[in-house]
Protein chains: 2
Amino acid sequence: MMQEPALSPVRATRQRAAIENALERSRVFMSAQELHQELKGSGRRVGLTTVYRTLQSLADASRVDVLRNENGELMYRRCESRRHHHHLVCTSCGKSVEIASDQLETWADQTARRHGFTAVKHVAEVYGLCSACS
Amino acid sequence: MMQEPALSPVRATRQRAAIENALERSRVFMSAQELHQELKGSGRRVGLTTVYRTLQSLADASRVDVLRNENGELMYRRCESRRHHHHLVCTSCGKSVEIASDQLETWADQTARRHGFTAVKHVAEVYGLCSACS
DNA sequence: TTATCTGCAAACATTTTGCAGCGAG
DNA sequence: CTCGCTGCAAAATGTTTGCAGATAA
């Protein structure tokens, strides 16, 4: 069993609390910039640099999921499960569901092996309109 | 059957020829910057702007595949098949294989439907070491 | 001839880094 | 009191755009 990395230094700062809090409330992926705006809008002032650095450290600790949107920007969302998983993301409201998929893993492994590839990793995300948006 | 878009105006310029030629010879994904360097190295001078614009238009016409590397940079490679497909990419030498995957499509559709999502699209790439590199 | 194409320079957008000051422990 | 955290300003990157001049057709 893999153990979650023991996140190095963590000082309980106002900024970090604000960021984690915002992530906790959101069920959608947000960019660092969006999160920064969100915080600013609700009166909690946190420097953009700090938002970037904090999100990065949270991602390193597998506390948030990271993926790139169409424009190549990094998007973050609180992790529900620490296990390997993928996402089903609504292209309209941004809501996302974490999905497990043994089937997908199996397919990736088999496909790779069939072509003589080893040490397989993969990325996969599914996009569509959620029931509320369609 | 979908018909390939009738690519708007296309003048046969030296630059476009150089770019298409370089793409034709390469079996690996290259960034616009890399392609630009490659051309410069082999004596064929093409402006970086032109490389970007040409690759973009080729991508629009589905003549090249586009995907983002880990750093979010756009990578291009000549398309072997115009049909929807995914890639198996060697993380060492960059060589890639186009892979079809009815299984994957089916999985994406079913997963989405199960969660009430419609209008499904998906992205998926598989990474590993090819036989020559492992 | 003329509408495209080219390419430089400048603009852009996102993310990272240098560094002086703040503040949690 | 210390050392990590913060945040401004500036740098770094990758990509796009404005525009004047070159050039296929």
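## Where the two chains meet

Chain A and chain B bury about 3000 Å² between them, and carbon and sulfur atoms give 67% of that area. Buried area here is the accessible area, found with a 1.4 Å probe, that two parts lose on being put together, summed over both. This is a predicted model: local features need pLDDT of at least 70 and side-chain atom pairs count only at pLDDT 80 or more, while totals for chains, interfaces and linings use all residues. Residues are numbered from 1 along each chain as its sequence is written, chains are lettered from A and ligands numbered from 1 in the order in which they are written, and side-chain values use heavy atoms, with hydrogens and water left out.

On the side of chain A that touches chain B, β4, β5 (96-99), α4 and β6 of chain A each supply at least two residues. The most comes from β6(A), with 12 residues. By type, the residues on this side are 18 nonpolar, 13 polar and five charged. In that division Ala, Val, Leu, Ile, Met, Phe, Trp, Tyr, Cys and Pro count as nonpolar, Asp, Glu, Lys and Arg as charged, and the others, Gly among them, as polar. Helices (H or I, at least four residues) and strands (E, at least two) are DSSP runs, numbered from the N terminus.

## Contacts across the interface

How many residues of each chain are in contact with the other? The answer is 36 residues of chain A and 36 residues of chain B, where contact means heavy atoms within 4.5 Å. Between the chains there are 10 residue pairs in polar contact, both at pLDDT 80 or more. A polar contact is a pair of N or O atoms within 3.5 Å; within protein, one must be able to donate a hydrogen and the other to accept it, and residues adjacent in sequence count only if both atoms are side-chain atoms. The count of salt bridges between chain A and chain B is zero.

## A core built by both chains

The largest nonpolar core has 22 residues, and A:W107 and B:W107 touch the most other members. Such a core is a set of buried Ala, Val, Leu, Ile, Met, Phe, Trp, Tyr and Cys residues joined through side-chain atoms within 4.5 Å. At least two residues each come from β4 (86-90), α4 (102-114) and β6 (118-129) of chain A, together with β4 (86-90), α4 (102-114) and β6 (118-129) of chain B.

Leaving aside neighbours within four places in sequence, A:W107 is in contact with B:I99, B:S101, B:Q103, B:L104 and B:V126.

## Salt bridges to look for

Over all chains, the whole structure holds 10 salt bridges, each a side-chain nitrogen of Lys or Arg within 4 Å of a carboxyl oxygen of Asp or Glu. In chain B, B:E98 pairs with B:R77, with the closest N and O atoms 3.0 Å apart. This pair links distant parts of the chain, B:E98 being in strand β5 (residues 96-99) and B:R77 in strand β3 (residues 74-78), 21 residues apart. Both B:E98 and B:R77 are buried; buried means under 20% relative accessible area, exposed over 50%, and partly exposed in between (1.4 Å probe, protein chains only).

Another salt bridge joins B:E20 and B:R16, which are separated by about one helical turn because they are four residues apart in helix α1 (residues 14-25) of chain B. In chain A, a network of salt bridges links A:R16, A:E20 and A:R63.
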